[in-house]
Amino acid sequence: MPPARAALAIAGVLSAFAASPARGQIPTPPTLATGTGLIVGQVVDAATGKGVSGALVTLANARRVLTTNDGRFVFFDLPQGRHSLAAAKSGYIDSAFGMRRPGGPSLPIVLADGERRSDVVIRLWRQGSISGVVLDEAGEALTGITVTAFRRVTAGGRRRFAQSGTSNTDDRGMYRISRLTPGDYVVAVVSTQVSVPASSQRQMEDAIYSGSLEANRAMISSLSQFGGLGGMMTGPNSRQIGDQYQSISTSSPTPPPADGTRVFAYPTTYFPAVTSSSAAIVVTVASAQERTGVDLHVKAVPTARISGTVVGTGTPANLPLKLVPQNEDTGRQNDV
């Protein structure tokens, strides 16, 4: 390489090396545009109107400040243009300027050159909770049962209920679902039942005991869509009924023993003791509110059997099917 070109190449490498941070060194953040604008505001509790101290206020994901004891904050040397403000604090729902309800739309602050805004208020809503006890048909407390809260939301122009929180009952049958966004909820004990043909169960067992899991990977992958057979082969919530193996979710109540030919199960139950979401009592949680006494009463019912044939070109074996209640409008969002 000619000496002149070599010198230029070395100079370029040195320049690039000097521009990059040394290993272990934190890179210098990019220089933000500045001006003479000013924003003075306050973060307040949406329920009480009092200032919230120690809230973190973020300006356009770039600058951050903590509020004073009375919730005040200030940003200065701001350029003209649109500025977004967000606020967060533990125990509250994250919010932003312009929000009038939790999760609602926010608004930007538009500053003219040298403008000063001193009327900016950001509302924060405290998280709430729902608590109660789960009892069976005999009035006995059920332990280790998962209780789910579904919050009313609007999705695709339709009002739906989306899963928002869960809690397991303790040894007294009590549960408490915390960190809830203020809103309307239905509360339920969701019972998930999975049935698999006995022939498929035996194939799975043969694959495991023969050590040929690799050869049966496709079959195992297909069967896993039923919810996993590992929990179906053992455990108090697994049983064989005729030519089917049935498994009840371990977080659901254990069904009582069969009465002759009558097999019982616990259906999904909504507060207070109904099996349809449309008949459930809606629980409204306000900011910082603790709703107590939301007790659920579950009752075992006799089961029925539905059978049929899936017809279609190239229909695979072990195809999972799902049974959902007619006109059911709750459950996990987008699940019905």
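The second largest pocket in this structure, which I should say at once is a predicted model, has a volume of about 250 Å³. Its lining is made up of Arg101, Pro102, Gly103, Arg151, Arg152, Val153, Thr154, Arg159, Pro182, Gly183 and Asp184, and the elements that contribute two or more residues to that lining are strand E12, residues 146-155, and strand E15, residues 183-189. Of the elements, E12 gives the most, with four residues. Sorted by class, the lining holds five charged residues, three polar ones and three nonpolar ones.

Two of those lining residues, Arg152 and Asp184, deserve a second look, since their side chains meet in a salt bridge, at 3.6 Å from N to O. Arg152 lies in strand E12 and Asp184 in strand E15, so this pair ties together parts that are 32 residues apart in sequence. As for solvent, Arg152 counts as partly exposed because its relative accessibility is 27%, and Asp184, at 23%, also falls in the partly exposed class.

Let me now turn to the salt bridges elsewhere. A search of the whole structure finds six salt bridges, and I will mention two others. The side chains of Arg172 and Asp170 meet at 2.8 Å, N to O; here Arg172 counts as exposed, with 53% relative accessibility, whereas Asp170, at 26%, is partly exposed. In the other, the side chain of Asp119 meets that of Arg117 at 2.9 Å, again N to O, and Asp119, at 51% relative accessibility, is classed as exposed because the cut-off for that class is over 50%.

Note on methods: Residues are numbered from 1 along each chain as its sequence is written. This is a predicted model: local features need pLDDT of at least 70, side-chain atom pairs count only at pLDDT 80 or more; totals for chains, interfaces and linings use all residues. Side-chain values use heavy atoms; hydrogens and water are left out. On a 1 Å grid over the protein atoms alone, a cavity is a set of points where a 1.4 Å probe fits but cannot get out, and a pocket is an open set with protein on both sides within 12 Å along at least five of seven lines; lining residues have an atom within 4 Å of a point. Grid points are joined across faces, edges and corners, and a volume is the space filled by probe spheres set on the points. Ala, Val, Leu, Ile, Met, Phe, Trp, Tyr, Cys and Pro count as nonpolar, Asp, Glu, Lys and Arg as charged, and the others, Gly among them, as polar. A salt bridge is a side-chain nitrogen of Lys or Arg within 4 Å of a carboxyl oxygen of Asp or Glu. Buried means under 20% relative accessible area, exposed over 50%, partly exposed in between (1.4 Å probe, protein chains only).
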